[in-house]
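Grab the model and try these two exercises. Each has a task, then a solution you can follow step by step.

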Amino acid sequence: MDYSNLRRQAASMKKSLFDQGYLDEQFCQVEDLQDEASPNFAEEVVTLFFKDSARLISNIEQALEKYPKDFNRWDACMQQLKGSCSSIGASRMKIECMSFRDYCGQGNAEGCMKSFQKVKREHGVLRQKLEAYFQLLRQAGPAGAATRPSM
């Protein structure tokens, strides 16, 4: 197996995630925390993010159903998700979370609903892309963890 080719593919995939706005510099900072003692640190953090964000999305769905037009409650729920997105560098998700919060501030329930659908869509796409990225890194071996895009 050509590990150097896999590492190039992983680097290219990561650059694409940055170029398309899915990730920001915070993701590199998470990856930089990896070392020999915890070579899968970034993947573990991202896995925890997706577990936690799925719970937060479920909480938001419940709030939207149980508390119609309770914009303060909706905003508080989305603020938690936005914080999680920021912590791993999930840029496009974070932007949609901010859009949702803007609609809350305007008292625009329809805008909130549309924005929330976008948040869920971005969540699914990001999960799929990062799962593929980390799978490629695992195939490339430990040296693949040091792939940093040139921005």
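Buried here means under 20% relative accessible area, exposed over 50% and partly exposed in between (1.4 Å probe, protein chains only). This is a predicted model, where local features need pLDDT of at least 70, side-chain atom pairs count only at pLDDT 80 or more, and totals for chains, interfaces and linings use all residues. Residues are numbered from 1 along each chain as its sequence is written, and side-chain values use heavy atoms, leaving out hydrogens and water.

**Exercise 1.** Work out which residues of α4 are buried and what they pack against.

*Solution.*
- Step 1: find the helix. α4 covers residues 71–88 (helices are DSSP runs of H or I, at least four residues, numbered from the N terminus).
- Step 2: list the buried residues of α4: F71, W74, C77, M78, L81, K82, S84, C85 and I88.
- Step 3: look down the axis of α4. Those buried residues fall within an arc of 160 degrees (taken from the directions from the helix axis to the C-beta atoms), so they line one face.
- Step 4: check the partners. They pack against α2 (25–32), α3 (41–66), α5 (91–106) and α6 (109–140), with contact meaning heavy atoms within 4.5 Å.

**Exercise 2.** Count the disulfides, using pairs of cysteine sulfur atoms within 2.5 Å.

*Solution.*
- Step 1: try C97. The closest cysteine sulfur, in C85, is 4.2 Å from its own, too far for a bond.
- Step 2: try C104. Its nearest cysteine sulfur belongs to C112, 3.6 Å away, and C104 is in no disulfide.
- Step 3: the count is zero.
- Step 4: check burial. C97 is buried at 0% relative accessibility, and C104 is buried at 7%.

Definitions and conventions: Helices (H or I, at least four residues) and strands (E, at least two) are DSSP runs, numbered from the N terminus. The expected span of a helix is 1.5 Å times one less than its number of residues.
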